[in-house]
Amino acid sequence: MNSFATVMTLLRERQQFLEDIRHGVKLKPKLVNLFISSSVFFGIYGLIIGSSSSFLQAIFSAIKLPALYFLTLIICFPTLYFLNVMFGSKHSFEQYLTLLMTAMAEISVLLLGFAPVTFFFMLSTQDYQFFKLLNVGNFALTGFLGTKLFYDGMQFMSEKDADGQKLRLNILRFWLILYAFVGSQLGWTLRPFFGAPGEPFQLFREQDSNFYMNVIESLSQLFQ
C-alpha cells in the first residue's frame, strides 16, 4: 500500500515531491516504493500486450517490459551521474537515482492509463502492424512525458547550484538522447513483446534489421 501511496503523492504533490528529493528527505523509502509500483504497472501493461499472442507470451512480456525500463536505467545512469559530478554537481547518488525513478514511475502510471485503450484495440482489431504501432506511439508519448519530468526535476534541483549549471544542462540533453537510443535498441534486443500472428512462441528473436527500420516497414505495410 505504501508503494502506491508514494506514487499518488507524486501525482498530486509533484512540486513537494521534487522538493523532498532536492533536500534528501526519505530517499530510500521513496526509491523502494517507486521501484515496486513501477514494476507492477509495467508488468500489467506487458501482460496486456503479450496476451494479444498467447498466454506464455503474456507472462514473459509482463517480465520483459519492466526489465526493459530498468535495464535501460542501469546502463545509462552511471554516465549521467559521473559526468554531473565531474562538472560540479553536489547532489548525491541517491538523489539522482530517486529523481530518475520518479520519471520511471510517471511513465509506468501513464502506460497503465493507456492500458484500457490498448486492451480495447487488442480485442477489436486483428491488424498486427496497427497494434504494434499503437504501442510504439504509447511508449514514445509516455517516455517523452516521463523524461520531461526528469529534465524539469534536474533543473529544479540545480537552481541553487549555479556553478557549471549551463554545461550540466547540455550534458543532460545529450544524455536524454543517449537514453532514448539505448532504450529503443534494448527494446529491439528483448523483443518480442507482442508475438507475431501465426508464429510459435519465441522468448527472443534473431537480431536482424533495427528498431527504426522496423517502424518504417510497419508504417509502409499499414498504409498499403
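This is a short tour of a predicted model, one selection at a time.

**Stop 1: helix α1**

Start by selecting residues 2-12, which make up helix α1. Colour Ser 3, Thr 6, Val 7 and Leu 10, and you have picked out buried residues of this helix. Why do they end up on the same side of α1? They cover an arc of only 95° around the axis, so they share one side. There is a handy rule behind this: an α-helix has 3.6 residues a turn, so residues three or four places apart point the same way.

Now spin the view to the face turned away from that buried side. Here you meet Asn 2 and Arg 12, and these residues are exposed. What covers the buried residues of α1? Show α2 (14-22), α3 (27-50) and α5, which are among the parts doing the covering.

**Stop 2: α2 against α3**

Keep α2 and α3 on screen. Their axes are 10 Å apart, and the helices pack at an angle of about 125°. That makes α2 and α3 oblique to each other, because angles that are not roughly parallel, antiparallel or perpendicular count as oblique. To see the contact itself, show Phe 17, Asp 20 and Ile 21 on the α2 side, then Leu 27, Lys 30 and Leu 34 on the α3 side.

Zoom in on two of those. Lys 30 lies over the face of Phe 17, at 5.4 Å from the ring centre. For another example of a charge over a ring, jump to Arg 22, which lies over the face of Phe 156 at 4.0 Å from the ring centre.

Before you leave, click on Lys 26 in the loop between α2 and α3. Lys 26 isn't a glycine, yet it has a positive phi of about 50°. Is Lys 26 buried or exposed? With a relative accessible area of 62%, Lys 26 is exposed.

**Stop 3: the aromatic rings**

Next, show the aromatic side chains. The model has 15 aromatic pairs. Pick Tyr 45 and Phe 139, an edge-to-face pair with 5.7 Å centre to centre and 70° between the planes. Tyr 45 belongs to helix α3 and Phe 139 to helix α6 (residues 128-157), so this pair ties together parts that are 94 residues apart in sequence. Tyr 45 is buried, at a relative accessible area of 0%, while Phe 139 is partly exposed at 22%.

Then select Tyr 81 and Phe 82. This pair is edge-to-face too, with 5.3 Å centre to centre and 65° between the planes. Tyr 81 counts as buried, with a relative accessible area of 16%, whereas Phe 82 is exposed at 54%. Add Phe 77, Phe 93 and Tyr 96 to the selection, and you'll see a cluster that ring pairs link together with Tyr 81 and Phe 82.

**Stop 4: Glu 106**

Go to helix α5 (residues 93-124) and find Glu 106. Glu 106 counts as buried because its relative accessibility is 7%, and the cut-off for buried is under 20%. Which residues does Glu 106 touch, leaving out those up to four places away in sequence? Show Arg 14, Leu 145, Gly 146 and Leu 149 to see them.

**Stop 5: a cis peptide bond**

Finish at Pro 192, in the loop between α7 (165-190) and α8 (211-222). Look at the peptide bond joining Arg 191 and Pro 192: this bond is cis, with omega about 10°.

Conventions
Residues are numbered from 1 along each chain as its sequence is written. This is a predicted model: local features need pLDDT of at least 70, side-chain atom pairs count only at pLDDT 80 or more; totals for chains, interfaces and linings use all residues. Side-chain values use heavy atoms; hydrogens and water are left out. Helices (H or I, at least four residues) and strands (E, at least two) are DSSP runs, numbered from the N terminus. Buried means under 20% relative accessible area, exposed over 50%, partly exposed in between (1.4 Å probe, protein chains only). Contact means heavy atoms within 4.5 Å. The arc is that of the directions from the helix axis to the C-beta atoms. Rings of Phe, Tyr and Trp (its six-membered ring) pair if their centres lie within 6.5 Å; planes under 30 degrees apart count as stacked, over 60 as edge-to-face and the rest as tilted. A charge sits over a ring if NZ of Lys or CZ of Arg is within 6 Å of the ring centre and within 35 degrees of the ring normal. Axes are lines fitted to C-alpha atoms, for helices over the stretch in contact, and angles run from 0 to 180 degrees between N-to-C directions. Angles under 35 degrees count as roughly parallel, over 145 as roughly antiparallel, 65 to 115 as roughly perpendicular and the rest as oblique.
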